[in-house]
Amino acid sequence: MNTHRRVLIVGGGFSGMSAAILLAEQGNTVDLVEIDAGWRSYGAGISLNASIFRVFDRLGILDGFRECGAIIDGIEIRGPADQVLAHLPTPSVMDGAPGSGGIMRPVLARLLADRVRATATNIALGQSFGTIADGVDGVDVTFSDGRTGTYDLVIGADGLFSSVRAAVFPNAAAPRYVGQAVWRAVVKRPAHLPSVAMWMGPGLKLGITPVSKDESYIFLTENRPENTYVPPETQLESLKALLGHFTAPTAQALAAELGEHSQIVYRPLEQLLLPRPWYVGRVVLIGDAVHATTPHMAAGAMIGMEDAVVLADELAAHHNVSTALDAFQSRRWERARMVVENSGRLAEIEQGHGTPDEHRQIMGQTLGALAQPI
Ligand SMILES: Cc1cc2nc3c(=O)[nH]c(=O)nc-3n(C[C@H](O)[C@H](O)[C@H](O)COP(=O)(O)OP(=O)(O)OC[C@H]3O[C@@H](n4cnc5c(N)ncnc54)[C@H](O)[C@@H]3O)c2cc1C
């Protein structure tokens, strides 16, 4: 069953764009408002687990990914001096699809935005909503440019600090700082890098993921009990100093490559898992707005984009919006909970509250669970 609906999506990130593509393709009237007038995505890489490729396939961006991203195989975990501790396989979950990969965020955002633009979605950039009120004929929304609209469904896909969440769940807990921050930078792709490589150091974890034929991005997770401000002008020097804790030749080569030209992104890590319900009336949350994970399993974008797939499927299957939203939430809760909580546990272990064995076990088990059908 497919019912034509008027849908508003607030937020044009990976989750919101995925929802726009699928719901517009189903024949719904889709409005998407994105607060950033430039519809920008910041310049860092993103690591991709096998399960995201079935979503890419559904969204029609798998070929684009093959062209612009990097396909890799497995995750290698090493000690600070380069000794191999474990190799986690990353088998494909779909015939002919990669088992693992990486891509630059702006490139993935462009692939998705091109697909959104190819649908009939009405895109309003530099816009947000003012008020949302569930009324008799639908959800009445006012916009920042003074327009108004009435919708059968409003999707809050506006990320970790979601304004839609604040509007419909005013008592929701705030995101929680997990005691770690991550440093990222784009570097040349080392010739010998067939997999994601990670080095476990003292209070630090360094990783490198290829993101294109020529480029990789590094991520360095640092234990920082306090979420203090790090001035941009000190970041290059600080990242180089942190890399100095790793004697592995690849880590030293990475430190040597960084310079004033390098774009460094520093980010404190926060998590949020909204308890159910994830919807109020005809307003539902997806992606980071409802389940923001730390990047320990590289699965946050994936579960947000999967939300869009499941939501579109349930809306197509049910005439009644509440029934569809309930089915959506039931199918998504356990998977999102697992990703957020297991990633949070990895953060705790990396801060000395657990063993390396448990760390590897959780990573392996979570990858296995993520490979299951959604
Ligand atoms: C350091 C770090 C590394 C990560 N690495 C990975 C990784 O390797 N692999 C992975 O799968 N995931 C990773 N993630 C998680 C991933 O980045 C997020 O889960 C994903 O970006 C969430 O997408 P989203 O669309 O739900 O939210 P967002 O990406 O936050 O998008 C929200 C959008 O809404 C817009 N918006 C905000 N407020 C409003 C408003 N009021 N009105 C209109 N628009 C609004 C924003 O401008 C933005 O475009 C990482 C996260 C972090 C913090």
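**Ligand shell.** I began with the surroundings of the ligand in this predicted model, and I counted 30 residues around the ligand, with Gly-11, Gly-13, Gly-159, Gly-287 and Gly-300 as the closest. I then sorted the shell by class and noted 13 nonpolar, 12 polar and 5 charged residues around the ligand.

Next I asked which elements each supply at least two residues of this shell. I found helix H1 (14–25) and helix H8 (300–317) in that group, together with strand S2 (29–34) and strand S3 (45–49). Of the shell around the ligand, H8 gives the largest share, which comes to 4 residues.

**A three-stranded sheet.** I turned to an open sheet of 3 strands and wrote down its order as S9-S10-S11, the pairing being antiparallel. Which strands stand at the edges? I noted strand S9 (129–134) and S11 there, and because each has a single partner strand, one side of each is left without a neighbour in the sheet. From one strand to the next, I recorded a twist that averages 20 degrees. As a reminder to myself, strands of a sheet pair through backbone hydrogen bonds, and the pairing may be parallel or antiparallel.

**The hairpin within that sheet.** I looked up how strand S10 (residues 139–143) is joined to strand S11 (residues 148–151), and I found 4 bridges between these two antiparallel strands. Following the pairing residue by residue, I saw that Thr-142 has Thr-148 of S11 opposite to it. The hairpin of S10 and S11 has 4 residues between the strands, and in it I noted that Gly-146 adopts a positive phi near 95 degrees.

**The chain as a whole.** I closed with the protein chain itself, for which I listed 10 helices and 20 strands. Its C-alpha trace spans about 65 × 45 × 40 Å along the principal axes. Why does the radius of gyration agree with a compact globule? I reasoned that a compact globule of 374 residues would have a radius of gyration near 21 Å, and the protein chain has 21 Å, so the two agree.

I also checked burial and found that 44% of the 374 residues of the protein chain count as buried. For the contacts, I took those between residues at least 6 apart in sequence, and I noted that 73% of them join residues at least 24 apart.

Key:
Residues are numbered from 1 along each chain as its sequence is written. This is a predicted model: local features need pLDDT of at least 70, side-chain atom pairs count only at pLDDT 80 or more; totals for chains, interfaces and linings use all residues. The radius of gyration is taken over C-alpha atoms; the globule rule is 2.2 Å times the number of residues to the power 0.38. A residue is buried if 20 or more other C-beta atoms lie within 10 Å of its own, exposed if 12 or fewer, and partly exposed in between; C-beta atoms are placed from the backbone. Two residues are in contact if their C-beta atoms, placed from the backbone, lie within 7 Å. Two strands pair if DSSP finds at least two bridges between them. A residue is near a molecule or strand if its C-beta atom, placed from the backbone, lies within 6 Å of it. Ala, Val, Leu, Ile, Met, Phe, Trp, Tyr, Cys and Pro count as nonpolar, Asp, Glu, Lys and Arg as charged, and the others, Gly among them, as polar. Axes are lines fitted to C-alpha atoms, for helices over the stretch in contact, and angles run from 0 to 180 degrees between N-to-C directions.
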